[in-house]
Amino acid sequence: MDQIEKVLWQLKNDPTSRRIMVSAWNPLDLDRMALPPCHFSFQFIVLNGRLSCHVFMRSNDIFLGHPWNIASYAILTYILAKKADLLPDRLILSCTDSHIYTNHTEGVNTQLLRIPRSAPVLLLDDSIKTKGFSEITVDDFTVCGYFPHPGIKGDMAV
């Protein structure tokens, strides 16, 4: 079952449903995975024409995983909002175990010393409305005002 297509159908046809959810947790596959999904489900909420996404995580590597989770779920929310003629609104992350690994301490300290820069703006091409998900490419996005600090490396823990 394509859960994302089902979500899109619900957003267009039953946007007030409290059941607009995706599950990444398949118990039958857990013993075959190197690591069970940290973000195990997410729910979409429509209120006053605005789309929010609530992500539920069992675990969250704050240094490496958290920035990626924010970016990927924000982009997904923007895409779904565009396709359903909604405005993107909030990204809510709930996590049971947020942590910083010992070998990330130096990188975290470097990050904490940095002065935050203004937030960039994500623009999506209108063609996304009619494209299939597999047809969407990086060329369909424009990021305005993104002025990142130099990257900080960190080893991935499994």
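Two strands pair if DSSP finds at least two bridges between them. Keep that rule at hand for the strands below. The model on screen is predicted.

**Stop 1: the β2–β3 hairpin**

Select residues 39-47, strand β2, together with β3. The two strands run antiparallel, and 8 bridges join them. That count meets the rule of at least two bridges, so β2 and β3 pair.

Now pick Phe42 and look across to β3. Its bridge partner there is Val55.

Move to the turn. The hairpin of β2 and β3 has 2 residues between the strands. Select Asn48: its phi is positive, near 55°.

**Stop 2: β3 and its other neighbour**

Select residues 50-57, strand β3. How many of its 8 residues are buried? The number is 6, so the strand is mostly covered; buried here means under 20% relative accessible area.

Add residues 87-95, strand β5. Here the direction is parallel, with 7 bridges joining β3 to β5. Zoom in on Met57. Its bridge partner in β5 is Cys95.

Turn on side chains while the strands are in view. In a regular strand the side chains alternate between the two faces of the sheet.

**Stop 3: the largest pocket**

Leave the strands and show the pockets. The largest pocket holds about 1500 Å³ of space. Its lining counts 35 residues. To centre the view, select Pro67, Ile70, Ala71, Pro120 and Tyr146, the lining residues closest to the pocket centre.

Next, colour by element. Those that give two or more residues to this lining are α2 (65-83), α3 (105-113), β7 (121-124) and β8 (141-144). Which element gives the largest share? Helix α2 does, with 8 residues.

Recolour by residue class. The lining of the largest pocket has 27 nonpolar residues, 6 polar and 2 charged.

**Stop 4: the second largest pocket**

Go on to the second largest pocket, with a volume of about 300 Å³. It is lined by 16 residues. Select Leu35, Cys38, Asp61, Met156 and Ala157: of the lining, these are the closest to the centre.

Two elements give two or more residues to this lining, namely β4 (60-61) and α2. Helix α2 gives the most, 3 residues. Keep the class colours on. The lining of the second largest pocket divides into 8 nonpolar, 6 polar and 2 charged residues.

**Last view**

Select α2 once more, with both pockets shown. This helix gives 8 residues to the lining of the largest pocket and 3 to that of the second largest.

How values were computed
Residues are numbered from 1 along each chain as its sequence is written. This is a predicted model: local features need pLDDT of at least 70, side-chain atom pairs count only at pLDDT 80 or more; totals for chains, interfaces and linings use all residues. Side-chain values use heavy atoms; hydrogens and water are left out. On a 1 Å grid over the protein atoms alone, a cavity is a set of points where a 1.4 Å probe fits but cannot get out, and a pocket is an open set with protein on both sides within 12 Å along at least five of seven lines; lining residues have an atom within 4 Å of a point. Grid points are joined across faces, edges and corners, and a volume is the space filled by probe spheres set on the points. Helices (H or I, at least four residues) and strands (E, at least two) are DSSP runs, numbered from the N terminus. Ala, Val, Leu, Ile, Met, Phe, Trp, Tyr, Cys and Pro count as nonpolar, Asp, Glu, Lys and Arg as charged, and the others, Gly among them, as polar. Buried means under 20% relative accessible area, exposed over 50%, partly exposed in between (1.4 Å probe, protein chains only).
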